[in-house]
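Subject: Structure handover

Hi,

Here is the structure I promised to pass on. Please open it beside this email, and read my notes below with it.

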Amino acid sequence: MVNAVRKLHTFGFFKNVSRPDAYDRLSRCFWRSETATLVSARFFGSWSDGGGGAAAAATSSSWSSPGFGRGFSSSQSGILIKALRERTGAPIKDVKAVLEQCGWDSEAAFVELRKKGLSAASKKTTRVAAEGLLAMAKGPAAAAVVEINSETDFVARNDIFQHLAVRVARAALSLEPHEGPMGSSATAISLPLLEAVKIKMEHSRLNGEATVQEAVAEVAAIMGENVRLRRGFTMSSSTGIVSSYLHASQHPEVARIVGLVTLEPEEGGQRLEGQELEVEVGASLAMHVVAAKPLFLSKELVAGTALQQELDIFRSQALATGKPAAVVEKMLQGRLRKYIEEVALLEQKFVVNDSMTVRAVLDQLSKQLGRQVSISRFLRMEVGEGIQREEKNFATEVAQAA
C-alpha cells in the first residue's frame, strides 16, 4: 500500500490533473505495481478537477467481480496469473491459489511459490534421474565437463535446464586446474567444492547470483522433477592442447555424449600452439573416442585384471569347441589381440579412415609438424551411463490411472 501511494504521488494524482490523463496514469501505475490496493476508490475522490466521487463509484462498480478479491475483474486477474505463471513455471491452478492467498500481491506470491516449489523438489530427490545433459566449458589448454540429470529428456531440452548446465560447466572450469598422470583419464571434480561455487544466472525466469547447489534446487522446483548434479571432470595441459567433440549437439556447449583428448609434444619439446592442423586432428581424435569407446590409452596400460577376465572367457569358449590344446592356445592369442585392438585407443582403427590406426594418425601428424606429438589423456562421457533405470510398463500405468 505504501508503494502504491508513493507511485500515486510520483505521478501527481493529487495535483491539477485532467481526468483522462489521470485515468491513463493510474492504469499504467496499476499494471506496474500488480496490486489491487491501487484500485481503491478513495484516490479518485482526491482529484482536484471535481467529479472524483462519481468516477470512483463507477470505477469501483465496473472493477468488482465475484470470485476475485480486492475488486479485480477476471481479465485483470488473468493478466496477473499469466505473468506469474510465465515467471515461475508453476501450474496455473497453484498460481491462482497462491495469488488469492497473498491478496493478489505478485511479489509475495512469487516468494510463496518458490517456497512451495523447493519443498516439492526436495521430495523428488529419491526418484531416478537418468536423463539430462552434459555441458562443456573449454579454453585452449583446459576443459571441464559436468553431467546434470533430470527424470525426462523433455526437461533436458528446456532452455532453463540448458542455461543451468552451461553455467555450472563454466564454474567447473574456473576451479584450479589439475593435471593427472600420463595415460590417466580426466580429473574428477569434487562435487561439494563445485556446489559451493557462486554462479550468475541470467535467464528471464531465473536471474541472480546463487551457489551451484541453490541454482540446481531452483531449477528442480521450476521443472517439477528431480534435477541433480551427478559428476564433473576437468582436463588440462601446460604444454599441449585439449580437443573436444560434442555428439549430435544442437547447442555449442551441451550434448548427450562428449569426447576429450589431450595432445602433448614430446617431453621437453616446445608447447603446442593450437595450429589449424593440430586443432583439426585433435577434433577428429575426440570424435573417434566418442564413436569407438576406448577403455585404455595403450596396450601397455590395459589392466591385468581385465586381460585375465577376458582370457578366462575366451578359454572356456575355445575348450567348448573340443579342439586340441595347441589349437585352443592359438585361438586364445588371436582373440586376446583382437580384444586389445578394441579397447586400447592407440591400437584402434581410426573411425575417419579405418586403413589407419590411431597410433598411425599420430605418427603422420608428428611428421607434418616436424616433432613428436602424442595423446596423454582422453575422456568419453555419456548421459546416464551406469545409472539403473526404472523399467516402466505403460499398460500398467494407464490401468492405475484409470
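Let me start with one pairing: Thr187 has Thr234, in strand 6, as its bridge partner. Strands here are DSSP runs (E, at least two residues) and helices are DSSP runs too (H or I, at least four), numbered from the N terminus.

Before going on, some ground rules. This is a predicted model, where local features need pLDDT of at least 70, side-chain atom pairs count only at pLDDT 80 or more, and totals for chains, interfaces and linings use all residues. Residues are numbered from 1 along each chain as its sequence is written, and side-chain values use heavy atoms, with hydrogens and water left out.

**Around strand 6**

Thr234 is also the bridge partner of Ala144. What pairs with strand 6? Strand 2 (residues 142-150) does, antiparallel, over 8 bridges. Strand 3 (residues 187-188) does as well, antiparallel, over 2 bridges. Two strands count as paired if DSSP finds at least two bridges between them. Strand 6 itself covers residues 228-236, and 8 of its 9 residues are buried. Buried means under 20% relative accessible area (exposed is over 50%, partly exposed in between; 1.4 Å probe, protein chains only).

**Around strand 9**

Why is strand 9 (residues 257-265) largely enclosed by the rest of the structure? Because 9 of its 9 residues are buried. In a regular strand, side chains alternate between the two faces of the sheet. Both faces of strand 9 are covered. One side has Ile257, Gly259, Val261, Leu263 and Pro265; the other has Val258, Leu260, Thr262 and Glu264.

Strand 9 pairs antiparallel with strand 7 (residues 241-247) over 7 bridges. There, Ser244 has Leu260 as its bridge partner. Strand 9 also pairs antiparallel with strand 10 (residues 373-382), over 9 bridges. In that pairing, Val261 is matched with Phe378.

**The whole chain**

The chain has 15 helices and 10 strands. Of its 402 residues, 45% are buried. Take the contacts (heavy atoms within 4.5 Å) between residues at least 6 apart in sequence: 64% of them join residues at least 24 apart.

**How far to trust it**

pLDDT is the predictor's confidence in each residue, from 0 to 100. The chain's mean is 78, and 71% of residues reach 70 or more. Over residues 1-9 pLDDT is below 50, and this stretch has 14 contacts in the model beyond near neighbours in sequence. Residues 28-70 also stay under 50. Where pLDDT is low, the predicted coordinates should not be read in detail.

Best wishes
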